[in-house]
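Visitor: I am new to this structure and would like to take a close look at a single part of it. Please show it to me, and then guide me slowly through that part and its surroundings.

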Amino acid sequence: MVNPLDTTILFVATFEDGIYKSQDSGGTWAPINVGLTDLTVLDLESTTTSGTIFAATRAGVFYSRNSGSSWTLGNDDVDDMFATGL
């Protein structure tokens, strides 16, 4: 996924290793999984105005408001949520 606010920043979801971020158009990648309780990420989306990122996982939907530095579970009052897409 390309950051709509800065096209040199890229994100990729993986099935077992969480989310990776590149800040140099894909030249290098680093994991950004702080706060994710499930590293099986099935989908990533971003808002075009605020840059909030949403990640669909088997544990539910997480969001990040700081370009992936940390993640917060967005459905913490819903039990047994399995998100397959956004």
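Visitor: Is Asp38 buried or exposed, judged by its relative accessibility? Please start there and then tell me about the part of the chain that Asp38 belongs to.

Guide: The model we are looking at is a predicted one, and within it Asp38 counts as buried, because its relative accessibility is 9%, which falls under the 20% that sets the limit for that word. The side chain of Asp38 meets the side chain of Arg58 in a salt bridge, with 3.1 Å from N to O. This pair links distant parts of the chain, since Asp38 sits in the loop between strand 3 and strand 4 while Arg58 sits in the loop between strand 5 and strand 6, 20 residues apart. In general terms, side chains of opposite charge can pair when their charged atoms come close. The structure holds 1 salt bridge, and its two partners can be described separately by their cover: Asp38 is buried at 9%, whereas Arg58 is partly exposed, because its relative accessible area is 42%.

From Arg58 we can turn to the strands on either side of its loop. Strand 5, which covers residues 53-57, is mostly covered, with 4 of its 5 residues buried. Thr57 lies in this strand, and it counts as buried because its relative accessibility is 0%. A polar atom of the side chain of Thr57 lies 3.0 Å from the backbone nitrogen of Ala59. A hairpin of 2 residues leads from strand 5 to strand 6, and these two strands, the second of which spans residues 60-64, pair in the antiparallel sense over 5 bridges. One of the pairings to look for is that of Ala56, whose bridge partner in strand 6 is Val61.

Strand 5 also pairs with strand 4, residues 41-46, through 5 bridges, and here too the two strands run antiparallel. In this pairing Val41 has Thr57 as its bridge partner in strand 5, so the buried Thr57 is a useful place to pause when you follow the backbone by eye. The hairpin of strand 4 and strand 5 has 6 residues between the strands, and in it Gly51 takes a positive phi near 80°. Farther along the chain, Ser67, in the loop between strand 6 and strand 7, has a positive phi near 60°, and it is a residue other than glycine.

To place this part in the whole, the chain comes to 0 helices and 7 strands. There is also an open sheet of 3 strands in the order 1-2-3, with antiparallel pairing. Strand 1 and strand 3 stand at its edges with a single partner strand each, so one side of each is left without a neighbour in the sheet. Strand 2 and strand 3 are joined by 2 bridges, and Lys21 stands opposite Ala30 of strand 3. The loop between strand 2 and strand 3 holds Ser25, whose phi is positive and near 60° although it is a residue other than glycine.

Finally, for the chain as a whole, 38% of its 86 residues count as buried, Asp38 being one of the residues that do. The chain exposes about 4,900 Å², of which carbon and sulfur atoms supply 50%.

Technical notes: Residues numbered from 1 in each chain as written. Predicted model: local features only at pLDDT ≥ 70, side-chain atom pairs only at ≥ 80, totals over all residues. Heavy atoms only, no water. Buried < 20%, exposed > 50% of the residue type's maximum accessible area, 1.4 Å probe, protein only. Pairing = 2+ DSSP bridges. Polar contact = N/O pair within 3.5 Å; in protein donor to acceptor, adjacent residues only side chain to side chain. Salt bridge = Lys/Arg side-chain N within 4 Å of Asp/Glu carboxyl O. Areas by Shrake-Rupley, 256 points an atom, 1.4 Å probe, with all protein chains shown as cover.
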